[in-house]
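Biologist: I'm new to this structure and would like a close look at one helix and what surrounds it. Could you walk me through it, then show me a few other spots for context?

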Amino acid sequence: MKKVYAEVFGCAANQSDFEIALGLLKESGFKIVDDPKKSDIILIFTCIVKIPTVSRMVDRIKKLSELNRPLIVAGCMPRVKKELIEKINPKASMIGPDSIDRIVDVVEKSLKGKRIILLEEMKSPKLCLPRVRRNPVVNIVQINEGCLSKCSYCVVKLARGNLLSYPIELIKKDIEISLREGCKEIWLTSQDTACYGRDIGTNLAQLLKEICRIEGKFFVRVGMMNPSFVEDILDELLEAYEHEKIFKFLHLPVQSFSKKVLKLMGRNYTPRTVLRIIRSFYRKFPDLTLATDIIVGFPGEGNSDFKRTIKFIREVRPDIVNISKFGAHPETEASKLEKLPTKIVKERSSTLSKLVKKISLDKNERWVGWEGECLIDEKGKENTWIARNFAYKPIVIESEKKLLGKFVKVRITDFSSTYLRGKIV
């Protein structure tokens, strides 16, 4: 029995590819090990979303290559940075996101000393396939591959390509299989969930309504959705979100609140569109958890542009803000724009980070005293567990019992900027 070691970085879609690859390998008789030194072959599922992440991938590929075992590089890096991988390890095999269903063949041939490169676009649904889940309670469901946007800074588009939505019935079947296997939380993921279905005559709201018809007790977390594809389905989406199975969690990456900067970014929406979406969600769901992304120091961002973003954050008060200091991927259009001084970018990032932490503390304090049903969806440190309430708020609970996958009633007793603390009642 040949032994495989694999590790993964990056987004939920990449984690899903990782789980499917291990599921297919295990089904074919391979043994999955947790130490690369004990393996016959090594897989790394790479992420390249940010420049610092690329540097980390380079370091990791170098370190794994030193073990002198066949190496397969998967994830987003091979299709975009093939030459860089070859420079680090000329013998490494590569497999793109669209070819993950052929992982067994790639591993078998790599073990025989062949170098395999599978980077072509041959998209087929990544559903109803064997899996080795990192978390047995969570089923990561890719609802579509690629997206419809053309953001000037995005390198993931080059790796994942254009939109290909998967059929609703196949998505439902995948979820039903996972529920029978013990999953209680469903993550719907893609590069942009809001553009789901636009190539097959449906949309995200219709998908959510169909998923909520599935029998059983479970929660659904809807992944990142770009504002440009939310506006025309907003009313129907709000209606779908009313169902108790949908976490009241909205990940709406705004990136900037400057009309000028949004245009430079290639984001096809205006600040007014963003406000309409957020205010509509808050009116319907006052306790909504709002997550957003902000790129600080994008080329062309003046002081007044940054102030607009700061004002937006102060007014909207998102629970979570993923802050990125702009770094240009050489393969993207944004790399041709003139960069801002590093000092200015750092100062703006620091200013925004301080504001975000204060808002997160204030918003989490409001939850103290709340009681309600939660799902234990993660093991914490030592004798702790992570519970999620209807708004997908992370609540740390101390218990020596095995609680993973249990529904429990919780009272929130304390808070920090990133999580709540609670007790089972």
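Modeller: Let's start with a yardstick: the expected span of a helix is 1.5 Å times one less than its number of residues. Keep in mind that this is a predicted model.

Now take helix H12, which covers residues 303–316. H12 has 14 residues, and going from its first C-alpha to its last you cover 20 Å, close to the 20 Å expected at 1.5 Å a residue.

Which residues of H12 are buried? They are Asp305, Phe306, Thr309, Ile310, Phe312, Ile313 and Val316. These residues sit on the same side of H12, because the arc they cover around the axis is only 155°. Turn to the other side of H12 and you meet Lys307, Lys311 and Arg314, which are exposed.

So what covers the buried residues of H12? The cover includes three helices, H10 (259–265), H11 (271–284) and H13 (342–365), along with strands S13 (289–296) and S14 (320–325). Step just past the end of H12 and you reach arginine 317, with a positive phi of about 55°.

That's the helix. Now for a few other spots.

Strand S11 (residues 219–222) is a nice one to look at side chain by side chain: Phe219 and Arg221 point one way, Val220 and Val222 point the other way, and all are buried. S11 pairs with strand S10 (residues 185–189) in the parallel sense, over 4 bridges. In that pairing, valine 220 of S11 is the bridge partner of isoleucine 186. Add helix H8 (residues 204–212), and S10, H8 and S11 together make a right-handed β-α-β unit.

Back in strand S1 (residues 3–8) you'll find glutamate 7. Is glutamate 7 buried or exposed? Its relative accessibility is 9%, so glutamate 7 counts as buried. Leaving aside residues up to four places away in sequence, glutamate 7 touches Phe18, Leu43, Ile44, Phe45, Arg60 and Leu64.

Last stop, a barrel: 5 strands close into it in the order S15-S16-S17-S19-S18, with mixed pairing. On average, neighbouring strands of this sheet are turned by 55° against each other, direction ignored. To see one pairing up close, follow S18 (residues 407–415) and S19 (residues 420–424), which run antiparallel and are joined by 5 bridges. There, aspartate 414 stands opposite arginine 421 in S19.

Conventions: Residues numbered from 1 in each chain as written. Predicted model: local features only at pLDDT ≥ 70, side-chain atom pairs only at ≥ 80, totals over all residues. Heavy atoms only, no water. Pairing = 2+ DSSP bridges. Helix = DSSP H or I, 4+ residues; strand = E, 2+ residues; numbered from the N terminus. Axes fitted to C-alpha atoms, helices over the stretch in contact; angles between N-to-C directions. Buried < 20%, exposed > 50% of the residue type's maximum accessible area, 1.4 Å probe, protein only. Arc of directions from axis to C-beta. Contact = heavy atoms within 4.5 Å. Right-handed = clockwise from strand over helix to strand, strands pointing away.
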